[in-house]
Amino acid sequence: MITGKNYIGNQLKASGTTTHKTVNPKLNVQNPTDFYQATLEEVNEAVELADKAFKVYRKVSGEKRAEFLNAIADEILALDTELTDMYMLESGLPEGRAQGERGRTIGQLRAFADLVAEDQWRNVTIDQAIPDRQPLPKSDLRKTSIPLGPVVVFAASNFPLAFSTAGGDTASALASGCPVIVKSHAMHSGTGELVASAIIKAAEKTGMPNGVFSNITGSGRVVGSALVKHPKVKAVGFTGSIAGGRALYNLGTQRDEPIPVFAEMGSINPVVVMPNVIKNKSAETATTYAGSITVGTGQFCTNPGLLLTIAGEDTDAFVKDLAEKTTAIASQCMLHPNIKEGFVSNAEIVTSQPGVEVVGKIEGDLQANFAPSTICAVSGAEFLANPKMHTEVFGPFSLVVKAKDQEELLAVIDGLEGQLTGTVLAEKEDFDALPAVTDALQAKVGRIIFNGVPTGVEVCESMTHGGPYPASSDSRFTAVGLGAIKRWVRPFSFQDWPTELLPSELK
């Protein structure tokens, strides 16, 4: 049952008077429940509870934390259609997507449970003492990883489950031994409250301390800022816009005690389409990429927003075919009115630049929050001269850049900002040209894909979902996969410590 209240630890509270409603984007009407913004007193109480819980939770065994994570997964599954119905009501996404994202959320929780059930993830090293070493004896040194402390997670708008209340940030932080306070996404407050109720039930069933988890709603500028600036918060996870991520990053670094803000912020995910692909697989590639550009209404952080090619008649034919196939796919609903507004605004920024040709766009009257898929094209020289064409258009939009030759293609890549992904589409006849392309992309992206699409992010140990700024605030870390746990821990060494007093992984 949805209450509209905040989970401050295991208690539902609504002391304030400021409320908001979520929106059904398909019908473009507000949903009925009033959700109460947390007061600053409630924010402080949540952090104080998390700090108190940390003193206990940091010492909970990996096996017990695994039990907790698996219990969260079980409780989410127990919500059944109540959760998926609320998800669809607040996001406009279909039932299949709701079920698929729930499955990914469950998979992430269980994967981190398996990881921390044993201690290998801590990257333990042991250097034993050499007391008779000359000219000086060597001490016994043993290194492990310990949790940072209370973590604030900002729920994402584009994945109401998998990057949200019990998503990858929350799962990895809880796995590491850090309590979590989720700043719920305003437009998915009902979905967030249901998932929060599952986490609280799991915490109580497995004997976790009160305060190991809280879920609060409210304005980012008020509630979010207060959370990041609170001296007992030790790290932040964020998925969203460059402006939002950078604002939180600045808050975190400007504190008296700066803290890490792991922000995944923006990416247009360049796709290099080599000449022989255009020559031999033009129609197939256009079909594949029309699907990738429009899947999920283009609301993936790995959406292919930029295609890089070499100019020519075959390329012109490919761009036309891509536009026709993209606009032939029926318009789809965006997640909420703010995202639709941002899509229209940013598309206008790109399409209004000199030299940009709108090759294809869905025209006519559309429902209020439905997106007109758009394919544009521009020359390499004009793209290089105009940084506004680098604008991320979050939705079903892609800009094709037609470089005059390989040298200009490499210059275009070199001029890009940091990205989550880069993709190369190539035939064997293109292989001689690929080392230079690969080297250029490697300097700009966190993951490179060969003959595939960037949409679709596997949750596993080898995944990197991060990249140079502004794709993420720290390219050394990933927001997806088991490596995400490394964000919430720090190395810690014991020197000449009695064996019987060492943590179990160091004995």
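In what order do the seven strands of the open sheet lie? The legend of the first view gives the order; the model is predicted.

**View 1. An open sheet of seven strands with mixed pairing.** The strands follow the order 16-17-18-15-14-19-20. At the edges lie strand 16 (357–361) and strand 20 (445–450), each of which pairs on one side only. Direction ignored, neighbouring strands of this sheet are turned by 20° against each other on average. Within the sheet, strand 17 (residues 374–379) and strand 18 (residues 397–403) pair in the parallel sense, over six bridges. One residue pair to locate here is S379 with its bridge partner K402 in strand 18.

**View 2. Strand 12 (residues 235–239) and the strands paired with it.** Five of the five residues of strand 12 are buried, so this strand is largely enclosed by the rest of the structure. In a regular strand the side chains alternate between the two faces of the sheet. In strand 12, A235, G237 and T239 point one way, while V236 and F238 point the other way; all of these residues are buried. Strand 9 runs parallel to strand 12 and is joined to it by four bridges. V152 has V236 of strand 12 as its bridge partner. Strand 13 (residues 261–264) also runs parallel to strand 12, again with four bridges. Opposite G237 stands F262 in strand 13.

**View 3. Helix 2 (residues 62–91) against helix 3 (residues 95–116).** Two packed helices are described by the angle between their axes and the distance between the axes. For helix 2 and helix 3, the axes come within 8 Å and cross at roughly 175°. Angles over 145 degrees count as roughly antiparallel, so helix 2 is roughly antiparallel to helix 3. The residues of the contact between helix 2 and helix 3 divide into 15 nonpolar, five polar and nine charged.

**View 4. The stacked aromatic pair F159 and F300.** A search of the whole structure finds nine aromatic pairs, one of them being F159 with F300. The ring centres of F159 and F300 are 5.4 Å apart, and the planes make an angle of 25°. F159 belongs to the loop between strand 9 (151–154) and helix 4 (168–176), and F300 to the loop between helix 9 (282–294) and strand 15 (306–310); the pair therefore ties together parts that are 141 residues apart in sequence. F159 and F300 are both buried. Ring pairs link these two residues with F163 into a cluster.

**View 5. Arginines over the face of F159.** R97 lies over the face of this ring, at 4.8 Å from the ring centre. R104 also lies over the face of F159, at 5.6 Å from the ring centre.

**View 6. The tilted aromatic pair F494 and W497.** The rings of F494 and W497 lie 5.8 Å apart, centre to centre, with 55° between the planes. Are the two residues buried or partly exposed? F494 counts as buried because its relative accessibility is 16%, and buried means under 20%. W497, with a relative accessible area of 43%, is partly exposed.

Terms used:
Residues numbered from 1 in each chain as written. Predicted model: local features only at pLDDT ≥ 70, side-chain atom pairs only at ≥ 80, totals over all residues. Heavy atoms only, no water. Axes fitted to C-alpha atoms, helices over the stretch in contact; angles between N-to-C directions. Helix = DSSP H or I, 4+ residues; strand = E, 2+ residues; numbered from the N terminus. Parallel < 35°, antiparallel > 145°, perpendicular 65-115°, else oblique. Nonpolar A, V, L, I, M, F, W, Y, C, P; charged D, E, K, R; others polar. Phe/Tyr/Trp six-rings, centres within 6.5 Å; stacked < 30°, edge-to-face > 60°. Buried < 20%, exposed > 50% of the residue type's maximum accessible area, 1.4 Å probe, protein only. Lys NZ or Arg CZ within 6 Å of the ring centre and 35° of its normal. Pairing = 2+ DSSP bridges.
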